[in-house]
Amino acid sequence: MRFKAQIGNRAQMMTFRYDIVVIGGGHAGCEAASAAARMGARTCLVTMDMNKIAQMSCNPAVGGIAKGQIVREVDALGGMMGIVTDRCSLQFRMLNQSKGPAVWSPRAQCDRGKYIWAWREILENTPNLSIWQDQASELLVDNGEVRGVRTIWGVEIQARCVILTAGTFLGGLMHIGHTQIPGGRISEPAVDGLTASITRHGIRTGRMKTGTPVRIDRRSVDFSQAERQDGDVGFHHFSFLEVPHTLRQLPCWMFKTNKAVHDILRSGLKDSPLYNGQIKSIGPRYCPSIETKLHTFPEKDEHQLFLEPEGETTNEMYLNGFSSSLPIDIQINALRQIPALRNAEVYRPGYAIEYDYFDPTQLTHTLESKIVKNLFMAGQVNGTTGYEEAAGQGIMAGINAAINCSGGQPFTLQRNEAYIGVLIDDLVTKGVDEPYRMFTSRAEYRILLRQDDADMRLTAHSHKLGLASTQRYDNMRKKADEIDRFINFAQNYSIKPALINQALEQIGTTPLERGCKLVDLLGRPGVTIENLKPHIRTLRLETEKITDRHDETLEAAEIRIKYKGYIEREKQVADKMLRLENIKIQGHFDYQNMTQISIEARQKLETINPVTLAQASRIPGVSPSDINVMLVLMGR
């Protein structure tokens with residue numbers, strides 16, 4: 001059926017034509033549309049509300065453990081999330097600095113409103129990119145190949161590729177206590193019908209759940225009862241470009257729940273959608289609601305909460321750690337048992353939301369559907385959670401859709417190249433049984449995937465694709481040359497005990513018995529370029545030669561020196577696995593008739609149909625012995 005708009009006495013169908021149409025203006029959609037357009041594809045971004053482009057539906061913060069690494073990778077690929085975050089940052093912190101650099105993770109609290117308008121300014125001024133405010137209602141497919149979308153306003157947008165980034169809007173249903181309201185976000189309508197138009201082509205779907213906490217009026221908070229948490233003061237940021245920071249820096253605040261809070265919350269559990277059978281889908285294990293915490297940790301009388309600013313000039317604050325779908329009165333009465341929130345005024349309660357997603361094992365590593373040609377999916381529709389995971393998928397989908405339109409080789413990232421590579425490989429190989437969140441522990445090569453060297457790993461790729469500017473590429477090459485030059489200096493500069501031992505004792509490390517090279521001294525724990533500079537004039541002069549991105553370059557050089565052994569060993573392991581990545585198996589085996597391997601392995605291999613032997617080795621249910629059998633059958 002064709003939707004028609006009535007104009008006077010006649011019916012009219014409006015048709016637009018583009019290379020690529022992106023459905024959804026969230027973090028995945030923005031990166032996808034921006035990348036595709038900048039690669040030369042005529043692109044249309046369809047969003048229901050232009051005033052909520054890149055809306056931070058939950059916490060207005062970017063980054064965190066492993067997520068921060070993804071944002072730096074998006075930036076190195078020529079994406080915009082890092083730039084926008086730096087422009088809108090209210091507080092920046094480098095997490096995990098007490099641990100090794102493999103797990104250092106940047107995080108920034110942002111101004112929610114300014115973040116939206118910064119992204120909108122970028123998109124509206126991107127060549128080849130149009131924005132259409134409307135709602136997609138039907139995916140148009142002919143002979144197994146996508147040809148566009150139809151909208152609720154009767155517009156047909158024809159395109160060679162479609163990128164679906166609809167977030168939590170597909171079949172969205174919000175829950176507060178026994179109350180259920182259709183919606184993709186509070187005060188925003190759900191999208192009905194689009195899921196059915198996709199699944200009719202044989203694409204499998206499921207349901208997931210997420211949630212968000214109450215928002216509190218800053219004026220009602222007693223900050224004398226909270227612990228202040230300021231951001232870092234230093235050179236760290238997200239983008240590898242120089243982005244001016246103009247917003248006033250604000251603190252976050254910490255306090256804890258208590259037994260009285262828990263007693264009130266427990267009294268409402270019978271009315272919790274999570275426990276009365278109302279919500280049947282699975283929520284994120286690593287971002288649990290407060291009621292889930294009570295259920296999982298019944299012995300605990302307190303849980304840490306963080307009160308974080310929503311903007312530079314607004315009084316709205318976000319209560320991190322108190323996600324809930326309990327009845328409104330239970331939420332507010334429980335909060336008022338916390339001393340800092342004794343007189344709390346609430347802007348809106350927390351709520352849960354259920355939504356449709358699609359099994360990501362139905363996608364290739366380019367995020368293109370295996371079932372409908374030129375249909376790409378990115379973000380929460382693939383079963384992930386988080387702005388950062390969405391942005392990483394979005395830029396990869398945008399790149400590959402543009403390649404599909406213009407020709408060229410698909411662009412994918414290996415697990416030893418990027419957290420984005422780990423993310424996508426996990427999704428398409430293993431699938432999801434809960435909302436997927438990235439952690440450093442998911443990456444077997446995390447010492448190679450540090451936040452400090454994302455530009456070294458990925459900028460050359462993005463420059464070749466036409467996303468990274470020549471300025472960005474030149475900056476990376478200059479930084480790489482400076483790092484190599486300093487490491488060469490450290491490898492050749494000799495240190496005499498008489499000149500340094502007193503300083504080493506002050507630092508708290510063992511004095512030298514004989515001379516050594518500077519590189520060996522910097523390899524010691526607790527010994528840094530910074531605490532050696534006052535005692536070694538030549539070192540101080542050498543560091544002063546680095547005039548561009550001085551601190552960032554020296555930190556990267558020092559990490560390379562200190563962790564040289566770990567880095568080289570991990571590279572050897574990655575190279576060994578890469579041999580399996582180079583063994584193509586797709587189309588080589590009739591899995592159902594391979595009696596030499598387990599029944600489970602046959603079923604999983606038939607379903608996933610992996611491209612390489614390495615991908616097959618990562619499929620749950622496929623054992624090392626199954627891989628060995630396949631190697632033998634291939635004559636390896």
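1. A bit of helix arithmetic to start: the expected span of a helix is 1.5 Å times one less than its number of residues. Bear in mind that this is a predicted model. Helix 9 (residues 387-406) has 20 residues, and its first and last C-alpha atoms lie 28 Å apart, close to the expected 28 Å. Most of this helix is covered, with 18 of its 20 residues buried. Just past its end, Gly 407 takes a positive phi of about 95 degrees.

2. Helix 11 (454-465) passes the check as well. Its 12 residues should span 16 Å at 1.5 Å a residue, and the end C-alpha atoms are 17 Å apart, which agrees. Its buried residues are Ala 454, Asp 455, Arg 457, Leu 458, Thr 459 and Ser 462. As for the cover over them, it includes helix 2 (67-76), helix 12 (470-492) and helix 17 (550-562). Gly 466, just after helix 11, has a positive phi of about 95 degrees.

3. Now take a look at Asp 452, in the loop between helix 10 (419-430) and helix 11. Is Asp 452 buried or exposed? With a relative accessibility of 4%, Asp 452 counts as buried because the cut-off is under 20%. Its side chain makes a polar contact of 2.8 Å with the side chain of Arg 450.

4. Which residues does Asp 452 touch, if you skip its neighbours within four places in sequence? They are Arg 72, Phe 240, Lys 479, Glu 555, Ala 556 and Ile 559. For another long-range pair, try Tyr 563: this residue is 111 residues from Asp 452 along the chain, and the two C-alpha atoms are separated by 13 Å.

5. On to the strands. There is an open sheet of 3 strands in the order 5-7-6, with antiparallel pairing. Strand 5 (61-63) and strand 6 (89-95) are at the edges with a single partner strand each, so one side of each has no neighbour in the sheet. From one strand to the next, the twist averages 15 degrees. Strand 5 pairs with strand 7 (residues 105-110) over 3 bridges, in the antiparallel sense. If you want a pair to click on, Gly 63 has Arg 107 in strand 7 as its bridge partner.

6. Last, a hairpin: strand 12 (residues 173-176) and strand 13 (residues 179-182) pair antiparallel over 4 bridges. Met 174 sits opposite Ile 181 in strand 13. The hairpin has 2 residues between its strands, and Gly 177 in the turn takes a positive phi of about 60 degrees.

Conventions: Residues are numbered from 1 along each chain as its sequence is written. This is a predicted model: local features need pLDDT of at least 70, side-chain atom pairs count only at pLDDT 80 or more; totals for chains, interfaces and linings use all residues. Side-chain values use heavy atoms; hydrogens and water are left out. Buried means under 20% relative accessible area, exposed over 50%, partly exposed in between (1.4 Å probe, protein chains only). Contact means heavy atoms within 4.5 Å. A polar contact is a pair of N or O atoms within 3.5 Å; within protein, one must be able to donate a hydrogen and the other to accept it, and residues adjacent in sequence count only if both atoms are side-chain atoms. Two strands pair if DSSP finds at least two bridges between them. Axes are lines fitted to C-alpha atoms, for helices over the stretch in contact, and angles run from 0 to 180 degrees between N-to-C directions.
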